[in-house]
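This report introduces two neighbouring topics, helices and surface, and then turns to an annotated span from a database record. Please keep the sequence and the structure in view while reading.

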Amino acid sequence: MASFKPTKIQVYPKLGEKVTQDTLYWKNYKAPVQIKEFGAVTNIDFSPVAPHNYAVTAFTRIHIYGPFSQEPVKSFTRFKDTAYCGRFRSDGQLLVAGCEDSVVRLFDVSGKVALRMFKGHTKAVRVTDFTSDRYHILTGSDDYTCRLWDIPNSTELTSYQEHTDYIRCGITSKLNRDLFITGSYDHTLKLFDARVNKSVMTMDHGQPVESLLLYPSEGLLVSAGGRYVKVWDLLKGGQPLVSLKNHHKTVTCLCLSSNGQRLLSASLDRHVKVYNTTNYKVVHNFDYAASILSLGLAPDDESIVVGMTNGILSIKHRKSSEETKEISGQQKRRPAYRVFVKGKNYVPKQDDYLVSKPVKQHLAKYDKQLKRFNVSKALDTALETWTRFRKPEITVAVIKELDRRGTLKNALAGRDERGLSQLLNFLVGNLVDPRFAPVLVPATEMILDIYQSVIGQSPVVDVQLQRLQDLLEREIGYQQDLLEVLGMLDTMAKMNTSPLTPHPPT
Amino acid sequence: MVEHGDIRVVHRGGSKINFREPVLSHDSRLLLCASGECVKVFSSSTEECVHDLQGHTDLVTGVLLNPSNHLQAYSCSADGTVRLWDFTDGILIKVQLHCHHVSVQPLSVSVFSLLMCMCVTLTRLLSSSQGEYIASAKGLHLEVYFFKKQKFSLKEDNKKGAKNTFTCLSCHPKDDCIATGHEDGKIRLWRNFNHKREYTYSTLHWHHSAVSSVRFTPEGTNLLSGGVESVLVQWRYNQETQKDFLPRLGAAITHIAVSPDGELFCTAHSDNKLTVIQSCVKVSAVIQGLVKGESVRTDLMVDPRSKALVLNGKPGHLQFYSLQRDKQLYNLDIVQQEYIHESGLQQFEVVKAAFDTRGNWLATVEERKQKDSTLELNLKLWAYDEQTQSFVLNTTVSGPHEARITAMCFCHTADSQTTMLVSASQDGHFKAWQLESNHYFYEGPFWSCDFVGAYHSLVPECCCFSADGSLLAISFQEVVTVWSPASWELLTTLSQPPGAIRDLCFGRQSCSKYLLGTTAKNLLCCWNLLTCTLEWSTSMDVSLLLSDPLSENMAAFCSHAGCTDLFVFKPSEPRPLFSHKAICSGKVTRAVFAPREEMLESCEESSQWLNRSQLYFLTQYMVNIPLVIDDSVAVTPFYLLLGKHRQQQQEKQDRSFSAERNQLPQGSVAIKELLHTPAHVLPSASFLCSMFVRSLLISEKKSEEEEMESDKEEESECEMEASTMGQGQTAEAQETAAPALTKAQARELRRVKKLDHSWLSSLLDS
């Protein structure tokens, strides 16, 4: 005969973040390691060769950290003033850095004293980079000029004075030794060719440009300035491709993930956003404690390093595959396989007479009580602390089931102070949840009807009732505000659309 | 040669089998129950219907085993006759005429005549097994009549509570004890009632609402009781604290019967179901008829896969009912909630259901309305699972609309990739639901809302997709709007005021350019969608309009002066193909075209429309004839020879039989046809031969038969009546056959007929 049908627990879609492949990928990092630097961290650069150390430029120092060390492997402290833009050469042997005192210094990674000093700029040098042939250095300065220097001779090769404001970012081509791009506070990006003495391409970003990034193929250029991140197609003569506005403060740094599929942007609004480079949709978001000035991503996305205005360097390392497994294994600690198999893998022989046993239906505790029509007990079970806080949908489903059976009043009545305050506590937590409100509002009315005679007898219950009242008053206020907004929107919508136009899907 | 009979309305079953208490035969193998105008004999182990005892012309009101012959059973009917049957072979033995309107349960032969005179108002009537007394209960009175002492004592129940009205009673087979069930759920055991005013009673209480049936087992050791809780309770006699329960029997118990050997119990349930229960309180078989709730809220539908009729049955279930076999195939649990058997409780009800063209998807709407709370609505979409051969829940949309859903339909295209469902609701919106392949949260395909539409905040009433799925027509009161489901553009509006649109239907096949609508102001309109103009309209009060999915024909039921007319027409032709005045009395509430298993090759114009499908309809007032069919029966030679006549036309058949028999040796067309028919389509020769020979051997068997018959006959009065009736029949037969017969000859003829009849019925069973 038909067996007892258990109470149906409504499955609600999880609110908040959607779980995608990206979310899983970008969430798979350990808790961040935080290192306090002397001042705001302005630049982070990863060494392109094997151990992938990274240079962190902060205040008057450049620290080089190993991939897993929390102490600097190496420090360059011989700066007279704030250092800027410490960058590795493509062989990882040399490091170049600009300085507030307009001198550009070139270091050997293993040495301590500067190998070369390039003097010529008249103001702070914010941009330094090696060209792809390794023998030249590009610098950009607040004196509106960008220059090319020869490393062996330590002489200035060319100087371009085309920008009309500070040059705050620049990047050299990895494929062509003569090409480099600079971005300036005069809102323009300029592509220079060292073989000619002027810029070959100019693009207008519309905001002071803070950061530049070239795609590995070097067909696309990404620029960040103001709240915008813009993508330009260099092969089409600098045509703007996309303009992204996902931050609400200036975007300070750009970075590309190791496979080139994701673009990361860091901003003063304390967020790092991850974009899909095919459709430029934000697929993930990181939150940090302070405004972010610099961002670096280790090869293979092994770690994310973020430098902030408060001088904190935050390093997140990727979880290794064993760690991931270990943690998930701990979460699902289940009985051994043999427990389930025990006695079930017996294969009957040919002449055996099989006596079938009816399959015992497993029921939850509240279902067992509902089956026996113990309605108060079923409600007690559903109001147990764990269920109440972790799975409120179970409690709501049981209340709904009791209401359907017409016995909710019986189940709610006859509770002592503890039981009633437990019940009211649950209502205060969940009454205004739109998923539960249709069930809980009639139940609340019923409770108030039943217990109105005992109001004032217990301080505990009175406090809960007071909380309930406050909650409801606040909720009514919100609803009124929302209705007003809705009315305003309706009038606006009505002005534009004729009544025949269909509504958009809800 | 295929002859065609007239198109006629045939009752196709679905009658109640729980109307009266079922009867179990002595060996517990067979189960008899009154079902409409016939008595059905079921096998208690295989659940199959073994015989259909047909002959009564009105509702059968009671069935009882013959106490003196355990192979016979009496049945009484509202037509005023009592018939004696041999139920193992399905033969009518005797007919007894009574002028009274008999509707009480006959008890035993000795008190037959007494009981016939009793009126219906008695709640229950039972005699003790020794036949010493007879007890009856009505209202608050329990009356016991003694036969031997020729006196009766009257007892009055205490009137403290208003709810202790008697509902049922049962007499102990050995002790002087009467068990009565009451409306307040108590069972009282009355003893010592043969001494006036000194009776005693004890009370048993388990049921929370009225006890609908109590019954002692034949040995008197146990007492069975049942009620609306749908729990069978077995009380030990004299040890009433020990009880056995059989819970969750599905629906309220209306009757309990016990087999004479006490091996099996049988309970009849309010959902037209009989449950056979072994004496160890274990269900062994379930015989389920067509469930009819208070109303058929879902329309009648035909499942495209199983060709079964689908409608809402038990609360919260959809039933799949085989039209060919008059048997419920299965119940689909839509609500999936524990059903609480308590009166006055608002339950979830299935109110709408729809199949897509191939039967891959089923959409259902369930709703529950409480007095002072909001309407609870759920839209569920079920996918057909090939492995389990049933529907599996795919998507549940709780609260798809804010108010009741008025109409729901699937897009009809057979070849399209996307499936679409449109639901219209009283909240003024209609929504289109579409199957989506994947989602970050859910696995596999699921349904989601694709579009929400409205028109001037009017309430949409009906919706209908065109045959190719390119147009969607939705009626908003007096206005019909036509939308394009591809772009969700409003293409055009059609209206023919005054009168709100009641039904909307697209033409099929060659008539797919037409859109038909009926209005509340007695107008049937046909719009041409190419020109967007009214093609024609006619004034008739169409209560129901439906289109045949397999042809371009449409059927319209017009209620007119208390009865309903049927018109079948093509939208392109102004003249109806077929019309039938007064097809039934009362209003036709639901109808459906069901495809035939094999197509007929009819060339007659008036019956051509039934070639591909049959029309079934459900009427409002016919309680015992709920399901009716228009059918044209092909008259083939086998039809004549094998006598596959409908049992309802038994008398006609009897009359014409002698004439037919005369025809056979004369080399009639029928015989020629038989001889010209390919052998592989004929029944086996041995089968035909034995029957043919037996039909020739009648006169020789007659004398033996008479002897056997005379043993069985007990009441000469009954015999007399039967013979007079036989005379009446022969008088009719004489017109064709022979001059006047003597009484002896007439009797002989009657034997002949009886024998022929058995021959026929044995054939029908084969």
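## Helices, a surface patch and an annotated span

Helix α10(A) has 15 residues and reaches 20 Å from its first C-alpha to its last, which is close to the 21 Å expected at 1.5 Å a residue. The model is a predicted one. Among the residues of α10(A) that are buried are A437(A), V439(A), L440(A), A443(A) and T444(A), and M446(A), I447(A) and Y451(A) are buried as well. The cover over these buried residues of α10(A) includes α7 (392-404), α8 (408-412), α9 and α11 of chain A.

Helix α11 of chain A, spanning residues 459-496, can be set beside α10(A) in a table.

| Helix | Number of residues | Reach, first to last C-alpha | Expected reach |
|---|---|---|---|
| α10(A) | 15 residues | 20 Å | 21 Å |
| α11(A) | 38 residues | 56 Å | 56 Å |

In α11(A), the buried residues include V461(A), Q464(A), L465(A), L468(A) and L471(A), and what covers the buried residues of this helix includes α9 (417-430) and α10 (437-451) of chain A.

M492(A) also lies in helix α11 of chain A, but this residue is partly exposed, with a relative accessible area of 46%. Together with L483(A), V485(A), L486(A), M488(A), L489(A) and M495(A), M492(A) makes a nonpolar surface patch of about 740 Å².

On chain B, an unreviewed UniProt entry places the feature "domain: C2H2-type" at residues 33-56. In the model, the end C-alpha atoms of residues 33-56 of chain B lie 14 Å apart, and the span is 0% helix and 62% strand.

Conventions: Residues are numbered from 1 along each chain as its sequence is written. Chains are lettered from A and ligands numbered from 1 in the order in which they are written. This is a predicted model: local features need pLDDT of at least 70, side-chain atom pairs count only at pLDDT 80 or more; totals for chains, interfaces and linings use all residues. Side-chain values use heavy atoms; hydrogens and water are left out. Helices (H or I, at least four residues) and strands (E, at least two) are DSSP runs, numbered from the N terminus. The expected span of a helix is 1.5 Å times one less than its number of residues. Buried means under 20% relative accessible area, exposed over 50%, partly exposed in between (1.4 Å probe, protein chains only). Contact means heavy atoms within 4.5 Å. UniProt positions are given in the numbering used here, feature names are shortened, and annotations may be inferred rather than shown by experiment. Patches are made of residues with over 30% relative accessible area and no salt bridge: like charges are joined within 9 Å, nonpolar side chains (Val, Leu, Ile, Met, Phe, Trp, Tyr) within 5 Å. Accessible areas come from the Shrake-Rupley method with a 1.4 Å probe; for residues, only the protein chains shown count as cover. A salt bridge is a side-chain nitrogen of Lys or Arg within 4 Å of a carboxyl oxygen of Asp or Glu.
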